[in-house]
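Colleague: I have not looked at this one before. Can you walk me through it?

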Amino acid sequence: MNSNPFQIPGPCILPSVLAADFGRLGEEIADVDRAGGDFLHLDVMDGHFVPNISFGPPVIASIRKCTSAYLDAHLMITDPVRYAPAMVKAGAQNVTFHVEVVDDPAATAREIRKLGCRVGITLNPGTAVEKLWPALDDVDVVLVMSVVAGFGGQKFMPEVLPKVEAVRKRLRDDQRLEIDGGIATDTIRRAFDAGAQWFVVGSHIFEKPDRAAAIRELRRQLGQ
Ligand code: DX5
Ligand code: ZN
């Protein structure tokens, strides 16, 4: 898998570990590596910002030991500044926080950047895209959620595509535009055409018996 996706413009396919079998996590990661995933998306949920609990730094540290893949952490938690140091220490390389949980997103981005990682900002489908603008110069990644954050296996919301287009127009070449939720063979192309570069895919890779075929089919939709 790729250990520095900022060296390439994309597109990249990011298997989302949330959909893996946690009892066989090492094997699952090796499998999506062989299957052609680009790097890994790690969903951290606190049971407070979202009504679900996933995993935190100890699991990220275990993942770090079994792959050299770039680790993209999506923090669905109410206090990202408090917990970001532990995420980075565990091995997260990009740390994405939700704009909904902070008063000053630019200050939050600068605070997280001090840890030596890349920084991402994200927003739920119901949040206005303009909320991102004050922080745009201070982030490396903008993640547009195409489902309400909290659970894998939800249906893609095409109404977020205008947000992807609006963000695309404002990003620099060294920044990346990521999309997460319901990405599958029938939705990935629309997200790509709107300007997305990093595609998070959970259930549509991990729930397939042949993950290589699933990733090939996703790439085919992108003309890869
Ligand atoms: C949802 C998470 C996603 C999730 C995507 O809150 O942020 O990363 O794993 O899963 P799928 O691809 O199944 O929608
Ligand atoms: Zn995610």
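Modeller: What follows goes through the sheet, the ligand and one peptide bond, and the model is a predicted one.

Colleague: Start with the sheet. In what order do the strands come?

Modeller: The order is β1-β8-β7-β6-β5-β4-β3-β2. That makes an open sheet of 8 strands, and the pairing is parallel.

Colleague: Which strands stand at the edges?

Modeller: Those are β1, residues 12-15, and β2, residues 40-45. Each has a single partner strand, so one side of each is left without a neighbour in the sheet.

Colleague: And what does the twist average from one strand to the next?

Modeller: From one strand to the next, the average twist is 25°.

Colleague: Take one pair, β7 and β8. How many bridges join them?

Modeller: Strand β7 covers residues 176-180 and strand β8 covers residues 198-201; they run parallel and are joined by 3 bridges. Within β8, V200 is the residue that D180 stands opposite.

Colleague: D180, noted. Now the ligand. How many residues surround ligand 1, and which are the closest?

Modeller: The count is 20 residues. The closest are S16, D43, G150, D180 and S203. So D180 comes up again here, as one of the closest to ligand 1.

Colleague: Which strand gives the largest share of that shell?

Modeller: Strand β2 does, with 3 residues. At least two residues of the shell come from each of β2, β3 (71-76) and β8.

Colleague: What lies next to the oxygen atoms of ligand 1?

Modeller: For S203, a polar side-chain atom is 2.5 Å from an oxygen atom of ligand 1. With G202 it is a backbone N or O atom, 2.8 Å from an oxygen atom of the ligand. H74 has a polar side-chain atom at 3.2 Å from an oxygen atom of ligand 1.

Colleague: How much of ligand 1 does the protein bury?

Modeller: The protein buries 99% of the 390 Å² that ligand 1 exposes when taken alone. The space the ligand takes is the largest pocket.

Colleague: Different topic. Where is the cis peptide bond?

Modeller: It joins G10 and P11, with omega at about 0°. P11 is placed in the segment before β1.

Colleague: Why point out a cis bond?

Modeller: Because most peptide bonds are trans.

Conventions:
Residues are numbered from 1 along each chain as its sequence is written. Chains are lettered from A and ligands numbered from 1 in the order in which they are written. This is a predicted model: local features need pLDDT of at least 70, side-chain atom pairs count only at pLDDT 80 or more; totals for chains, interfaces and linings use all residues. Side-chain values use heavy atoms; hydrogens and water are left out. Two strands pair if DSSP finds at least two bridges between them. Helices (H or I, at least four residues) and strands (E, at least two) are DSSP runs, numbered from the N terminus. Axes are lines fitted to C-alpha atoms, for helices over the stretch in contact, and angles run from 0 to 180 degrees between N-to-C directions. A residue is near a molecule or strand if one of its heavy atoms lies within 4 Å of it. A polar contact is a pair of N or O atoms within 3.5 Å; within protein, one must be able to donate a hydrogen and the other to accept it, and residues adjacent in sequence count only if both atoms are side-chain atoms. Accessible areas come from the Shrake-Rupley method with a 1.4 Å probe; for residues, only the protein chains shown count as cover. On a 1 Å grid over the protein atoms alone, a cavity is a set of points where a 1.4 Å probe fits but cannot get out, and a pocket is an open set with protein on both sides within 12 Å along at least five of seven lines; lining residues have an atom within 4 Å of a point. A molecule sits in a cavity or pocket if more than half of its atoms lie within 2 Å of its grid points.
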